[in-house]
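User: I should like to learn how disulfides and helices are read from a set of coordinates. Please take the general idea before the particular case.

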Amino acid sequence: AMSEPMPPQRGAQASLRRTAAMTRRPSRLRRMGAGVAAWALLAALPARAADDETCAADGSCSPQWEPKTLSVVLPCANEGRFVEATVKAVSDSVPGGGGGSILAEIVVVDDGSRPAVSKSLSKELLERLGVKIVRHERPQGLIRAKSAGAKVTTGDVLVFFDCHVAPQPGWHTAFLEAMRASYRRIVVPSITDLDIDTWTQTRKTNAVSSCYLTWDADFKWYRSAGEHIPILSGGLLGISRRWWTETGGYDDRMETWGGENIDQSLRTWLCGGEIVAVPSAQVAHMWRRPTDPRTTAGYTASAVDTLRNRARVAMGWFGNFSAKLADYPDMEFVGWRGMDTASFDRVRDGLQCRPFAWYLWRFREIYERAGLVPKETFRLRHVKSGKCLTYMGPQGTHPQGREVLSLGSCGERTVTQWPSQPTDAQRWHHANQVAGAGTCCSGFRVWNTDQCLTHYPNVGTVICEVLGRFDQALRLTGDADEGLAPGQLASVRRTCLVKRQGKLEMDACKESAAGQKTRPAWEKIAILEPLEHVLYRKAKEESPELFA
């Protein structure tokens, strides 16, 4: 992710509160972008010290926030022997252990385990390692388990880990040091592999992987060398108690599991905080592996609950961009249009959060330069057959990660094997950065999906690599392409997409001939400006001061 500076929200937050009455609007208008009006006023206010800073006469500021203690929350649901191993690993990783001067306590939230966690942990062990147990007789799900654990902590920083980890030496120092920059900062460790037989780290990762947000309020992984993370991937993180409280913690209307990471990410970025990777803080993690039954989850999660949670995130934070949910048929199952999002409005009003368009601009590395807010969508027509390149997969996230393509009658609705039928399986847009250049675009993405056109090893679609990858690098050649005839879908290897005996495959591109006009093989038709770009363009036109 990128590291551009953010607008000076913190420095003027107190002054902004005095103008809040001027920017209040009915709930519906707030969701459609009233934050723009507040931020327009903010741009004209004089800067002043934030409430976690002290400033000298020369204008230089330093943080007052000095976190000293941590509390670790472990949500556990039928984790068996992993609970004790994790508790011991957490305690041993911090000087003084649990209940010491740094690690205030370890909170185990027993979310309906059978037998109860307290049956397997001795009273002596609990006291020696500073462990508190919060028990749910019936499973409440990950989200409410973490919220329940947070309520009984006392440390300056809340740390959420899974109940099958082994934090590595020095993680706590890296966390505290990184968080000193601001109490509004969330920190994320580097997640490594755990050997569950020895409870030791087996393989280190090179960096913390980042995630980005998609229009169906889901998230996707991508490679990033930057320290700022657009979307949290899940449950391993550190957050100050104060920021947890100010942002409202987790939404209490969300059920079981899923979507809370997206909600927390948007609450943080839109309301004046940031999410930072801390690669030097390593936490070994047990991954669920189908070949090892010991790693099987001891709980179930409802796909409908997760979908509903994601819809709440979009309705709560997307503003007028939430209309994009209509492009995803699955969302109709959860009644997203009538959701009560008053709790989000209260947080937005209290912290004077930015509008969602600012988030898209803040991470323009993804949304502008990788084509997630495309200027146009179009169909790709095979000129000779008169048919259009058609995606045969589902809308949104593809559960198998790849799909086949076909040629279909242009404009005809495509019926696929998937329950979530695409609204327009023939609509594409330019996507993915030009690798190494950081500009858009190097390939083609199926609109409203996570799939990009690939030429290797076979023609089809795969999960998009937004920062660019050779197998997804394809362009529609034009008159300026040196040596290649125009109107071809060409790869970097100078092979082109052709139709041969009813199949789509790659073959040598046609070369241009001086003075000869060649009939194109492919052409863009039915070009439209999508809703997301219309809204983004208008937001930038109406409030340019937010995007400077």
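Analyst: The discussion below covers disulfides and then one helix.

Analyst: This is a predicted model, in which local features need pLDDT of at least 70, side-chain atom pairs count only at pLDDT 80 or more, and totals for chains, interfaces and linings use all residues. Residues are numbered from 1 along each chain as its sequence is written, and side-chain values use heavy atoms, with hydrogens and water left out.

User: How many disulfides does the structure hold?

Analyst: A disulfide is a pair of cysteine sulfur atoms within 2.5 Å. The structure holds 6 disulfides. In one of them, the sulfur atoms of Cys271 and Cys353 lie 2.0 Å apart.

User: Which parts of the chain does that pair link?

Analyst: Helices (H or I, at least four residues) and strands (E, at least two) are DSSP runs, numbered from the N terminus. Cys271 lies in the loop between α9 (260-270) and β13 (274-285), and Cys353 in the loop between α11 (342-351) and α12, 82 residues apart.

User: Are Cys271 and Cys353 buried or exposed?

Analyst: Buried means under 20% relative accessible area, exposed over 50%, and partly exposed in between (1.4 Å probe, protein chains only). Both Cys271 and Cys353 are buried. Cys440, joined to Cys441 by a disulfide, is partly exposed at 36%.

User: What span does helix α14 reach?

Analyst: The expected span is 1.5 Å times one less than the number of residues. Helix α14 (residues 531-542) has 12 residues and reaches 16 Å from first C-alpha to last, close to the 16 Å expected. Its buried residues include Val534 and Leu535.
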